[in-house]
Amino acid sequence: MDESDYIIVGAGSAGSVLANRLSADGRHRVTVIEAGGTDRRFYVQMPLGYGKLVYDPAVNWLYRTEPDPGLAGQADHWPRGRLLGGSSSINAMVWCRGHREDYEGWGRAAPGWGWEPVLSAYRALEDNEAGADDFRGQGGPLFVSANRRGLHPLVNNYIAACRQAGLPESPDFNGAEQEGAGVYQMTIKGARRNSAARAFLRPAMKRPNLRVITGTQVTRVIFENRRAVGVEIDRAGRRERLRCRGEVILSGGAVNSPQLLQLSGIGPGALLQGLGIGVRFDNPNVGANMSDHQGINYTWRMTVPTYNDELRPWWGKLRAGMQYLLGGRGPLAKSINHGGGFFRTSPDEPRPNMQLYMQAFSTLIPREGERPILTPDPFSGLSLGLSNCRPTSRGHIRLKTRDPLAHPEIVANAFSTDHDVAEMLLAVKFLRCLASQPAMAALIAEELRPGPQVTSDADLIADFRARSGTVYHPSCTCRMGSDPAASVLDPDCRVRGVEGLRVIDASAFPNLIAGNTNAPAILMGWLGAERILRGV
């Protein structure tokens with residue numbers, strides 16, 4: 001029984017931050033356990049390489065949902081990072097915090113998590129290339145690129161089309177106003193992915209009081225009476241135990257953390273009893289309330305070159321590779337989502353309820369088992385995508401078996417409410433509105449997906465059910481809150497019903513924020529560490 005002060009399960013976005021902050025003063029011995037391996041892989045470090053990682057079992061859990069009626073009966077593919085840095089090592093690198101009102105909602109559910117403390121934390125952890133102001137931070141451990149150089153020329157047409165459609169230009173989605181069209185900030189530094197592992201974990205790994213164990217899966221939390229005292233692990237097929245004097249902290253994310261709680265006897269009592277797992281604390285909220293953003297792309301064939309023309313032919317691949325390797329430039333040095341935005345589907349909406357993604361490429365002819373960002377369509381294509389910001393549909397994560405190495409049941413329940421269907425219908429109509437604006441229409445040859453024949457509301461709904469899917473933001477499956485009847489964690493991320501156990505990751509979100517979830521997952525680690533170090 002090897003002993004530490006803190007055991008962190010998962011070296012992802014939140015876990016990497018926790019490891020850094022809890023080991024910083026040298027007083028505590030910290031052990032981090034990661035099921036995957038190293039992040040020092042070429043396609044992990046190269047920004048546009050994430051297209052190769054979406055189906056790579058070496059770095060990805062490769063989850064599948066149950067067949068979903070809301071997605072025309074399809075089982076959705078859920079990539080989640082299984083390596084140092086977690087999903088921050090395989091994501092699209094967009095740094096987008098969410099709307100301030102989302103965090104005011106957090107503060108109402110869990111005191112201490114409102115906008116003011118959240119903004120202060122973001123400013124402390126950031127080193128924003130655009131400089132410090134009332135909203136951005138500079139000098140923190142996480143470099144954030146302003147992403148103003150090397151953009152595709154069509155970004156300007158996209159922003160102009162948004163203005164023509166009544167959506168103003170936004171200089172900073174993380175600034176005073178989220179609403180508008182503009183350019184995404186990115187977690188890219190020196191033409192390499194700036195994951196949570198690179199920014200937080202690897203600097204801390206030089207400390208003698210931090211140990212990182214890879215290739216090892218935690219199978220359950222060990223208790224003495226009501227207190228968590230360690231974990232059982234599977235290392236190369238051998239079961240071992242690691243003990244801690246202080247606390248066990250689960251940072252496995254929206255799928256792994258509720259799964260591990262259930263394996264440890266904390267969850268829906270009837271489910272656990274049916275699987276032969278002793279019930280330590282009956283809480284039906286464990287794995288419930290799962291929220292996720294659903295997204296879709298509309299695609300056009302263009303009369304001007306796009307990244308398809310650069311990345312499809314062999315000579316284009318060679319040129320892009322040389323640009324990247326010799327100078328850290330070109331399309332490989334960026335994410336594909338150069339432009340974006342936030343808009344309201346109705347003037348009655350109090351704040352933006354849809355997110356936009358502009359991509360100067362298309363992939364209508366995919367390769368089997370690959371997201372073919374590096375092998376796009378053989379014509380000049382452009383995609384405009386969107387995702388819902390605050391869906392009301394809820395899914396769940398539940399054990400199928402007591403085998404800790406088996407994937408759990410994932411039920412997404414996408415578009416299971418009339419609200420979500422109605423707002424998505426309005427949203428996809430706005431994509432066509434953008435394409436019809438002079439700045440964009442003059443460059444479009446034809447609409448390819450869904451195609452001009454899809455016009456009625458019924459057909460548009462059928463289309464987005466058939467072609468939508470996760471934008472990789474599952475959250476809230478171990479949500480924190482003040483109400484014991486509606487939450488898994490208290491406002492300090494402590495698991496209800498036991499002692500010495502916390503969950504600090506995206507599963508702890510009280511509600512889903514309007515934007516990409518990597519920033520708030522890192523925030524959870526930053527503020528969660530503060531609570532631990534204060535002894536609360």
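**Overall dimensions, cores, salt bridges and a nonpolar surface patch**

For a chain of 536 residues, a compact globule would be expected to have a radius of gyration near 24 Å, and the value of 22 Å computed for the protein agrees with this expectation. The coordinates analysed here are those of a predicted model. Along the principal axes, the C-alpha trace extends over about 70 × 50 × 45 Å, and the secondary structure amounts to 14 helices and 26 strands. Of the 536 residues, 63% are buried. When contacts between residues at least 6 apart in sequence are considered, 69% of them join residues at least 24 apart. The accessible surface comes to about 19,400 Å², and carbon and sulfur atoms account for 50% of that area.

The interior was examined next. The largest nonpolar core contains 79 residues, and the members that touch the most other members are Leu 22, Val 231, Leu 250, Leu 261, Leu 501 and Met 524. Helix 14, which covers residues 518-533, gives the most to this core, with eight residues. Apart from its neighbours within four places in sequence, Met 524 is in contact with Trp 106, Trp 113, Met 480, Cys 493, Ile 504, Asp 505, Ala 508 and Phe 509. A second core, separate from the one that includes Met 524, consists of 72 residues, among them Ala 160, Ala 320, Ile 373 and Leu 384.

Helix 6 (residues 196-204) is largely enclosed by the rest of the structure, because seven of its nine residues are buried. These buried residues are Ala 196, Ala 197, Ala 199, Phe 200, Leu 201, Arg 202 and Ala 204, and what covers them includes helix 1 (13-23), strand 7 (142-144), strand 12 (210-213) and helix 14. A buried position is also found in a loop, namely that of Gln 437, which lies between helix 11 (418-435) and helix 12 (438-441). The relative accessibility of Gln 437 is 13%, and the residue therefore counts as buried. Once neighbours within four places in sequence are set aside, the contacts of Gln 437 are with Ala 161, Gln 164 and Ala 165.

Charged pairs were then considered, and a search of the whole structure finds 31 salt bridges. In one of these, the side chains of Arg 97 and Glu 126 meet with an N to O distance of 2.9 Å. Since Arg 97 lies in the loop between strand 5 (94-95) and helix 3 (100-109), whereas Glu 126 belongs to strand 6 (residues 126-128), the pair ties together parts that are 29 residues apart in sequence. Both Arg 97 and Glu 126 are buried.

A further salt bridge is formed between Glu 232 and Arg 220, whose closest N and O atoms are 3.5 Å apart. Because Glu 232 is located in strand 14 (residues 227-235) and Arg 220 in strand 13 (residues 216-224), this pair ties together parts that are 12 residues apart in sequence. The two partners fall into separate classes of accessibility: Glu 232, at 13% relative accessibility, counts as buried, while Arg 220, at 27%, counts as partly exposed. In the pair made by Arg 238 and Glu 240, the side chains meet in a salt bridge with an N to O distance of 2.8 Å. Here Arg 238 is exposed, with a relative accessible area of 52%, whereas Glu 240 is buried, with a relative accessible area of 19%. Elsewhere among the charged residues, salt bridges that share partners join Glu 3, Asp 5, Glu 224, Arg 243 and Arg 245 into one network.

At the surface, a nonpolar patch of about 980 Å² is made by Phe 42, Tyr 43, Trp 314, Trp 315, Leu 318, Met 322, Leu 325 and Leu 326. Helix 2 (42-45) and helix 10 (314-327) each supply at least two residues of this patch, and the largest share, six residues, comes from helix 10. One of the patch residues in helix 10 is Leu 318. In general, an α-helix has 3.6 residues a turn, so residues three or four places apart point the same way.

Definitions and conventions
Residues numbered from 1 in each chain as written. Predicted model: local features only at pLDDT ≥ 70, side-chain atom pairs only at ≥ 80, totals over all residues. Heavy atoms only, no water. Patch = residues over 30% accessible without salt bridge, like charges linked within 9 Å, V, L, I, M, F, W, Y side chains within 5 Å. Areas by Shrake-Rupley, 256 points an atom, 1.4 Å probe, with all protein chains shown as cover. Salt bridge = Lys/Arg side-chain N within 4 Å of Asp/Glu carboxyl O. Helix = DSSP H or I, 4+ residues; strand = E, 2+ residues; numbered from the N terminus. Rg over C-alpha atoms; globule rule 2.2 N^0.38 Å. Buried < 20%, exposed > 50% of the residue type's maximum accessible area, 1.4 Å probe, protein only. Contact = heavy atoms within 4.5 Å. Core = buried A, V, L, I, M, F, W, Y, C linked by side-chain atoms within 4.5 Å.
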